Amino acid sequence: MTAERRIIELLKERKEEGVLQSEIPKVLKLSKSTVSEILQRFEGEGLIVRERIAGKSYRVWFFEFAPKPIEGVVRIGVLRASEYPHVLLTCDEMNAKVKVFDSALDLTKSLAMGLIDIGVSPFVTQTMFALTLRSIRIHCIVAFNGSGVVMKKDLEECKTFATSELSAMESNLKLFLEKLGFKISELSFKYIHSPENMIKNFKACEFDAIAIWEPYFTILKGRFKHMEFREIIGDYPCCSLASNVKFYESQRDLLEEFLERLKGFAEKFDKDRASKLIANKMGFSKRVVLKSFNSYKFSAELDEKDFRFLENYGLKLTNESIKKIAANF
C-alpha cells in the first residue's frame with residue numbers, strides 16, 4: 001500500500017476525531033518530510049483539512065469528516081433516493097463532493113455538526129434540527145410528494161407498519177392513516193434504519209406494510225398493493241435543502257452559485273442525463289429512476305405555506321421561528 005493510501009486510510013479510521021500531523025509519521029513509520037509533502041498535496045486537492053491547534057501543531061481530517069468548511073469546496077449529503085435530479089446535476093456542474101446516506105437522521109446530524117456543508121433531507125427533520133440546534137439554515141424545498149405505503153394485504157387489515165424515524169415517511173404515514181379513519185394508538189410502528197433492511201424484513205412478513213420513498217416505491221408497487229400518500233393528503237413537501245451555518249456565513253458566494261444553478265435545473269433538466277447520474281450514484285436502474293420522476297413535483301423554492309403544512313404533523317411555528325431557521329425570510 002502506498003504512503004498516500006495509508007495516510008488516507010488512517011484519516012478515515014479516525015473520522016471526526018482527526019489526527020495530529022506529528023502523530024502520522026510515528027503511526028505509519030514514514031518520514032516527516034514525506035508526510036508533510038503528501039498532506040500539502042492533499043490539502044491543495046481538497047482531500048484533507050488541516051487546522052493549527054497550538055504553535056506549529058496541526059490536526060488533520062479527511063474532508064468527509066472535517067467539522068468545518070473547505071475553501072472552494074461543496075460537500076453535500078443526499079439520501080439514497082431518486083428525488084434529486086436537479087441537485088445531482090448541480091453537483092456535477094460544480095464538482096461537488098457527494099455523500100449518499102441511508103438515514104435521514106444521520107444525514108441531518110452530519111449537517112448540523114458541519115461534517116457536510118449542504119444537506120438534502122426531509123423538510124420536517126431539518127426543521128426540527130434547525131429549531132433545536134440553530135446550526136443549519138433551510139433554503140428551499142427540492143421536491144413534493146414521492147412516497148407512499150406498500151402493503152401485503154388490504155390497508156384496512158394492516159396493523160403493523162414500518163417506517164424511518166423522525167422523517168417525512170413517519171409523519172406522512174400517520175397523517176395518511178388518521179385521514180383514513182385509523183386510530184394511531186391501536187397500530188404498531190417499527191422504525192428501521194435503512195430502506196434495504198425495511199424491504200427485506202417486509203418481504204419476510206415481519207410487518208404488514210411499509211412507508212417507503214422513490215424509487216423503492218416504484219420497484220415494489222408492481223408486486224404488492226400500494227397507495228401514494230398524495231392520494232389522501234394532497235401535495236406535501238418532502239425533502240428540503242439546508243446549509244450548515246458556518247458554510248452559510250463563510251462561503252456565501254459559493255452557496256449562492258449552487259442555489260442559482262439548482263433553480264435553473266429545477267425548472268428544466270435533461271431527464272436522461274439526470275437518471276444516469278442518480279443510477280450511477282445510488283445503484284438503481286436508470287429505467288426505474290426515470291419512471292419514478294413522475295411521482296415528484298421538483299422545486300427550488302421555499303414558501304411560508306410549506307412551513308404551515310407542518311402543522312398537519314403537530315409542528316406549529318411562529319413567524320419569528322420561521323425567520324430564524326429559513327435563510328431568505
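Helices (H or I, at least four residues) and strands (E, at least two) in these views are DSSP runs, numbered from the N terminus. The model is predicted, so local features need pLDDT of at least 70 and side-chain atom pairs count only at pLDDT 80 or more, while totals for chains, interfaces and linings use all residues. Residues are numbered from 1 along each chain as its sequence is written, and side-chain values use heavy atoms, with hydrogens and water left out.

**View A. R134 sits in a loop with a positive phi.** The loop in question runs between α6 (123–133) and β7 (136–145). R134 is not a glycine, yet its phi is near 55°. For context, most residues other than glycine have a negative phi, and most peptide bonds are trans. R134 is partly exposed because its relative accessibility is 42% (the class between buried, under 20% relative accessible area, and exposed, over 50%, with a 1.4 Å probe and protein chains only).

**View B. N145 has a positive phi inside a strand.** N145 belongs to strand β7. Its phi is about 70°, again in a residue that is not a glycine. Buried or exposed, what is N145? N145 is buried, because its relative accessible area is 0%.

**View C. A cis peptide bond leads into P215.** The bond joins E214 and P215, with omega at about 5°. P215 itself is in the loop that links β11 (209–213) to α9 (216–221).

**View D. Helix α1 packs against helix α3.** Residues 3–14 make up α1 and residues 32–44 make up α3; the axes are 11 Å apart and the packing angle is about 70° (axes are lines fitted to C-alpha atoms, for helices over the stretch in contact, and angles run from 0 to 180 degrees between N-to-C directions). The two helices therefore count as roughly perpendicular (65 to 115 degrees; under 35 is roughly parallel, over 145 roughly antiparallel, and the rest oblique). On the α1 side, A3, E4, I7 and I8 meet V35, I38, L39, R41 and F42 of α3 (contact means heavy atoms within 4.5 Å). Sorted by class, this contact has 7 nonpolar, no polar and 2 charged residues (nonpolar: Ala, Val, Leu, Ile, Met, Phe, Trp, Tyr, Cys and Pro; charged: Asp, Glu, Lys and Arg; polar: the others, Gly among them).

**View E. Strand β3 pairs with both β1 and β2.** With β1 (residues 19–20), strand β3 (residues 57–62) pairs in the antiparallel sense over 2 bridges (strands pair if DSSP finds at least two bridges between them). Here V19 has V60 as its bridge partner. Strand β2 (residues 48–54) is also antiparallel to β3, this time over 6 bridges; E51 is bridged to R59. The hairpin of β2 and β3 has 2 residues between the strands, and in it G55 takes a positive phi near 55°.

**View F. Five strands make an open sheet with mixed pairing.** Reading across, the order is β10-β9-β11-β8-β12. The edges are β10 (188–191) and β12 (225–228), each of which pairs on one side only. On average, neighbouring strands in this sheet are turned by 25° against each other, direction ignored. Strands of a sheet pair through backbone hydrogen bonds, either parallel or antiparallel. The β8 (residues 147–151) and β12 pair is antiparallel and spans 4 bridges, with K225 in β12 as the bridge partner of M151. Helix α8 (residues 195–203) lies across β8, β9 and β11, running at about 150° to β11.

**View G. S164 is tucked into a loop after β9.** This loop runs between β9 (160–163) and α7 (168–179). S164 is buried because its relative accessible area is 10%. What does the side chain of S164 make a polar contact with? The partner is the side chain of S167, at 2.7 Å (a polar contact is a pair of N or O atoms within 3.5 Å; within protein, one must be able to donate a hydrogen and the other to accept it, and residues adjacent in sequence count only if both atoms are side-chain atoms). Leaving aside neighbours within four places in sequence, S164 touches M169, E170, Y191, I192, M198 and W213.

**View H. Helix α4 is mostly covered.** Of its 10 residues (85–94), 8 are buried: P85, H86, V87, L88, L89, T90, C91 and M94. After α4 comes N95, which has a positive phi near 55°.
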